[in-house]
Amino acid sequence: MVSDADRVKLREMAAKAAEQAYAPYSRFRVGAALLLQNGAMVTGCNVENCSYRLTCCAEQGAVARAVAEHGPGIRLRAIAVTNLNGAASMPCGACRQTLAEFADDSAPILYPGEGGTAMETTLGTLLPSAFRGEFLESHQNLSTSKQDALHDPRQGPADPGVKEHS
Ligand SMILES: [Zn+2]
């Protein structure tokens, strides 16, 4: 459960973080605030780079900071993102995937709509069928059993180039 008070505070903290944005190229100043499972709130802002493609989004900065401050076991209860440009904006595609690493589909995403209206959706709505770590685990198990099945100990190490008909 995320209280209305937490929602208001998250939006405020995201806006405050946006004031710190390093955005000399786009001038699009973004802030994000995360509410962690332990009740802590952690913020981030976008940090641009003159190479452009190395720009780090506010959400990704906030996630990195949350892990650094609270450890790898963090879970996100809610996420707020905003900007100081009066633009309607949601987390970008890359950030949706980053958030999915630490949040369930039901996690609320708070964002500014047209005219700065306080809007809310969920991560699952923004990123349906997210790629999740569970898929990787089942793939790894499958790969291991396939390699075991293909590997003949009399012939030395298994050939990674071996093809198998399904
Ligand atoms: Zn992003």
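The following paragraphs lead the reader through the sheet of this structure, one of its strands and a helix that lies against them.

The structure is a predicted model, in which local features need pLDDT of at least 70, side-chain atom pairs count only at pLDDT 80 or more, and totals for chains, interfaces and linings use all residues. Residues are numbered from 1 along each chain as its sequence is written. Helices (H or I, at least four residues) and strands (E, at least two) are DSSP runs, numbered from the N terminus.

The sheet is open and has 5 strands in the order β2-β1-β3-β4-β5, with mixed pairing; two strands pair if DSSP finds at least two bridges between them. β2 and β5 (118–122) are the edge strands, each pairing on one side only. From one strand to the next, the twist averages 20 degrees. Helix α1 packs on this sheet, where it touches β1, β2, β3, β4 (108–112) and β5, and its direction makes about 140 degrees with that of β1. Such angles run from 0 to 180 degrees between N-to-C directions, and the axes are lines fitted to C-alpha atoms, for helices over the stretch in contact.

Strands of a sheet pair through backbone hydrogen bonds, either parallel or antiparallel. β1 pairs with β3 in the antiparallel sense over 7 bridges, and one of the partnerships is that of glycine 31 with threonine 82 in β3. β1 is also joined to β2, again antiparallel, by 5 bridges. Here alanine 33 stands opposite threonine 43, leucine 34 has valine 42 as its bridge partner, and leucine 35 has methionine 41. The two strands form a hairpin with 4 residues between them, and glycine 39 in the turn has a positive phi of about 95 degrees.

A residue is buried if 20 or more other C-beta atoms lie within 10 Å of its own, exposed if 12 or fewer, and partly exposed in between, with C-beta atoms placed from the backbone. In β1, 6 of the 7 residues are buried. In β2, 4 of the 5 residues are buried, so this strand is largely enclosed by the rest of the structure.

Leucine 34 lies in strand β1. It is buried because 29 other C-beta atoms are within 10 Å. Beyond its neighbours within four places in sequence, leucine 34 is in contact with Met41, Val42, Ala62, Ala66, Leu76 and Ile79; contact requires that the C-beta atoms of two residues, placed from the backbone, lie within 7 Å. Leucine 34 and alanine 78 are 44 residues apart in sequence, yet their C-alpha atoms are 6.0 Å apart in space.

Helix α2 (residues 58–70) has 13 residues and reaches 18 Å from its first C-alpha to its last, close to the expected 18 Å, where the expected span is 1.5 Å times one less than the number of residues. Its buried residues are Ala58, Glu59, Gln60, Gly61, Ala62, Val63 and Ala66. Their cover includes α1 (4–18), β1 (30–36), β2 (41–45), β3 (76–83) and α3 (93–100). Glycine 71, with a positive phi near 95 degrees, follows α2.
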